[in-house]
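Trainee: I should like to take a close look at one part of this model. Please treat the packing of two helices first and the charged pairs afterwards.

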Amino acid sequence: MKGRSGLLVLGLGLVACQSSNPYVATSRPLPPAPPEAATVFDRSAYPAPPRDYGRYRSWTWRNGQLPPGTAWADSAQVAEAVSNALDQRGLRPLQDNRAADLFVSASLHLETRVRQVRDDYDTGYYGGYNRYHGYGPGYGMYHTVPIVRTYQEQVVVVRLDLFDARTGQPVWSSSAETSQRGTQGERTDAIREAVEKALSAYPPS
């Protein structure tokens with residue numbers, strides 16, 4: 001009897017499983033696109049194409065202004081160093097009334113840096129025991145003490161900014177520094193060195 005009751009319960013369960021599901025999935029159609037979607041291009045939906053630095057061939061100073069001079073170096077020194085560095089990278093200063101490919105801005109200033117130097121000072125040799133002559137020359141060791149010295153140094157900082165002349169967007173920005181030097185010739189070399197460092201990775205690969 002119990003076996004028949006179990007079969008009856010199992011049969012009712014199977015019938016219940018075969019009944020229709022009251023939950024039916026439905027979907028609504030997408031709303032129609034706005035009329036301007038056919039003519040307006042959404043640039044934010046697509047990644048920006050890689051910049052073609054090879055198309056930049058000519059340049060001129062942004063807003064027609066040379067780099068400002070300082071008490072340490074005049075404007076002509078900075079302008080000449082920038083012009084020479086750009087020329088080595090295939091960028092020529094604009095010579096006619098055509099539109100330039102790049103606008104260039106440059107500035108120079110002095111900044112103070114805090115440096116630290118570690119020196120290991122030898123405090124002397126400690127002699128060991130010599131079995132033939134007693135205490136004296138034998139096994140021993142040198143002892144050193146680290147000493148950290150802090151000092152300030154003035155450096156020359158050059159900043160360069162390149163802008164697409166057609167769009168006005170920045171395409172390159174970099175700065176570099178070099179040690180300050182005293183004579184006129186040494187200052188010129190320092191500016192040239194800083195400019196070369198700032199443009200060392202242009203154009204990016």
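In which sense, left-handed or right-handed, does α2 pass α3 in their crossing?

Mentor: This is a predicted model, in which local features need pLDDT of at least 70 and side-chain atom pairs count only at pLDDT 80 or more, while totals for chains, interfaces and linings use all residues. Residues are numbered from 1 along each chain as its sequence is written, and side-chain values use heavy atoms, with hydrogens and water left out.

The crossing of α2 with α3 is right-handed; that is, the near helix is turned clockwise from the far one by less than a right angle, whereas an anticlockwise turn would be left-handed. Helices are DSSP runs of H or I with at least four residues, strands are runs of E with at least two, and both are numbered from the N terminus. The axes of α2 (residues 75–87) and α3 come within 9 Å and cross at roughly 40°. These axes are lines fitted to C-alpha atoms, for helices over the stretch in contact, with angles from 0 to 180 degrees between N-to-C directions. The two helices are therefore oblique to each other, a class left over once angles under 35 degrees are called roughly parallel, over 145 roughly antiparallel and 65 to 115 roughly perpendicular.

In the contact (heavy atoms within 4.5 Å), α2 contributes Q77, V78, A81, V82 and A85, which meet Q184, T188, I191, R192, V195 and E196 of α3. By class, six of these residues are nonpolar, three polar and two charged. Here Ala, Val, Leu, Ile, Met, Phe, Trp, Tyr, Cys and Pro count as nonpolar, Asp, Glu, Lys and Arg as charged, and the others, Gly among them, as polar.

R192 also forms a salt bridge with D189, at 2.8 Å from N to O; the term requires a side-chain nitrogen of Lys or Arg within 4 Å of a carboxyl oxygen of Asp or Glu. Both residues lie in α3 (residues 184–198), three residues apart, about one turn of the helix. D189 has a relative accessible area of 36% and R192 one of 39%, so each counts as partly exposed, between buried (under 20%) and exposed (over 50%), with a 1.4 Å probe and protein chains only.

Elsewhere, salt bridges that share partners join E111, R113, R115, E153 and E177 into one network. Within this network, R115 pairs with E153 at 3.0 Å, N to O, linking strand β3 (residues 102–126) to strand β6 (residues 141–164).
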